[in-house]
Protein chains: 2
Amino acid sequence: MRISYLGPVGTHTESAAMEYDSTSQLMPYATVQDAVNAVEKDESDLAICAIENALEGAVIETLIILQNEVLSVNITAEIVIPIKHALVGISEQSLENITTVHSHPQALAQCRESLISLVPNAKPVAALSTAAAIESAAQNPNTLAIGNIRAATPKSLHIYNPDISDNKNNQTRFIALAKNTAPQTGDDKTSLVFTMAYDIPGSLVDVLLPFAQRKINLSKIESRPTRQQLGTYYFFVDIHGHRDDPTIADAIREAQPKTQWLNILGSYPRWNHQ
Amino acid sequence: MRISYLGPVGTHTESAAMEYDSTSQLMPYATVQDAVNAVEKDESDLAICAIENALEGAVIETLIILQNEVLSVNITAEIVIPIKHALVGISEQSLENITTVHSHPQALAQCRESLISLVPNAKPVAALSTAAAIESAAQNPNTLAIGNIRAATPKSLHIYNPDISDNKNNQTRFIALAKNTAPQTGDDKTSLVFTMAYDIPGSLVDVLLPFAQRKINLSKIESRPTRQQLGTYYFFVDIHGHRDDPTIADAIREAQPKTQWLNILGSYPRWNHQ
């Protein structure tokens, strides 16, 4: 199987792709959109995309792809992996000599307290990705990087600490996007996206009611700006059950006319590899 | 009036503070939390905090403050301002000579297409803030910055373009946090935050139903991870009406026992300075 994903090699998305299928052919792309386009053009069988992080929330790039009204792929699986931020550098030395620590601003923010205690004299420096930060650290002995240990290993960098995250509950949920659909397993989720006419009283509740009345579990609701007007949103809802289940199908059929536009993003097995 | 805000001088938050009260004493702080703490310690009368951007969605730092169960301030106003990303540098010169453009990754992403057409030879470089980027541009003739025009003006930088955003619909909504409460005006909003027991069928709908049944308009729903467990959220809901209005008060009273925890963040006049 060919799996496309947001590169470079050594990202957390690559870890998720290997978790999904360790024997697959991994194909890194420059953007999430490029990885999905590869599936649409049959260059790849499946794209793995980060969709939600336990600390930061939704991954916007992926939601923007799922908002597309003519999406030709659908969600066939979810994968959850723990996220660890390793502190790495060229060679082992006293952390007091370190002058700068490079990383993506999000990773720097997630490790702020650890950095103050571990590398008190270092200045945080922003990078465009954790992979780019590791590149910088590999070129300067007084610079460390925060990133995925998998990106540091091929460069033979020294691992000062395998995880300096301030909060150890960090996980990211990924989705697999493919042209086929996933069969019912008995423990499935269905993802929906919809928009509503602006500012109509109670309209969001009207859309959710058909699910509540059937005791269908709502595991997630996320709103994203439409980028047209402040206060208008795309709503992303995950429900428990498969679209082929008659109860789920009925509820969706009842909810759809209460939206402006509704798309079923896919039904797929719930992640439960603890 | 003393207004605390996320500095440095020249940020969009400062623009919002001046829009709120142009005669106030403006006090920049290092973080949103510090600006709010200043109000709690009576060093400031009011804090202005960005809460939502039309392109990027919620401002996480502010939502984290509003999740606090013992918050001693409440929302007394909202302010909406247009966001423009200016391209600035030390002195006017041919854009073909520019080698790097510095900015916060979010601003770089929001201007990506403009950068490719305007400054084709420049490499984007990440900075920790747009203000820090302008600082770098003020020190190097071959470097430009993307930032708020108000931060470039005191440094006498050349303004190549007052707004190179790819999408011109960019706006940010700010809130004012203070110890007092805002009186009813007849066109008000009330903001709520709540959590729910994990994974109970239909529970979110049960909380929203008391509002829908009374035809109370729901202008926003936003979910944020609790940072404890993937799949558990804080829900932020804005409704139209003031908490002193008996219909609103009744609906909240009916919704509260259906949540695990609910806090009224404040009632305040709707922004309508078009």
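Two residues are taken to be in contact when their C-beta atoms, placed from the backbone, lie within 7 Å, and this criterion underlies the packing described below for what is a predicted model.

In chain A, the buried residues of helix H1 pack against strand S1 (2-6), strand S2 (25-29), strand S3 (46-53), strand S5 (74-82), helix H7 (149-152) and strand S11 (171-178). The helix itself covers residues 12-20 of chain A, and its buried positions are His12(A), Thr13(A), Glu14(A), Ser15(A), Ala16(A) and Ala17(A).

Around this helix, the secondary structure of chain A amounts to nine helices and 15 strands, and the C-alpha trace of the chain spans about 65 × 40 × 35 Å along its principal axes. Of the 274 residues in chain A, 45% count as buried. When the contacts in chain A with a separation of 6 or more are considered, 70% of them are accounted for by residues 24 or more positions apart.

Turning from the interior of chain A to its partner, one finds 38 residues of chain A in contact with 37 residues of chain B. On the side of chain A that touches chain B, at least two residues each are supplied by S11, by helix H8 (203-213) and by strand S13 (218-225); the largest share, eight residues, comes from S13(A). By residue class, this side of chain A divides into 19 nonpolar, 11 polar and eight charged residues. Strand S11 of chain A thus appears in both parts of the description, since the buried residues of H1(A) pack against it and it also supplies at least two residues of the side that touches chain B.

Key: Residues numbered from 1 in each chain as written. Chains lettered and ligands numbered in written order. Predicted model: local features only at pLDDT ≥ 70, side-chain atom pairs only at ≥ 80, totals over all residues. Buried ≥ 20, exposed ≤ 12 C-beta atoms within 10 Å, placed from the backbone. Helix = DSSP H or I, 4+ residues; strand = E, 2+ residues; numbered from the N terminus. Nonpolar A, V, L, I, M, F, W, Y, C, P; charged D, E, K, R; others polar.
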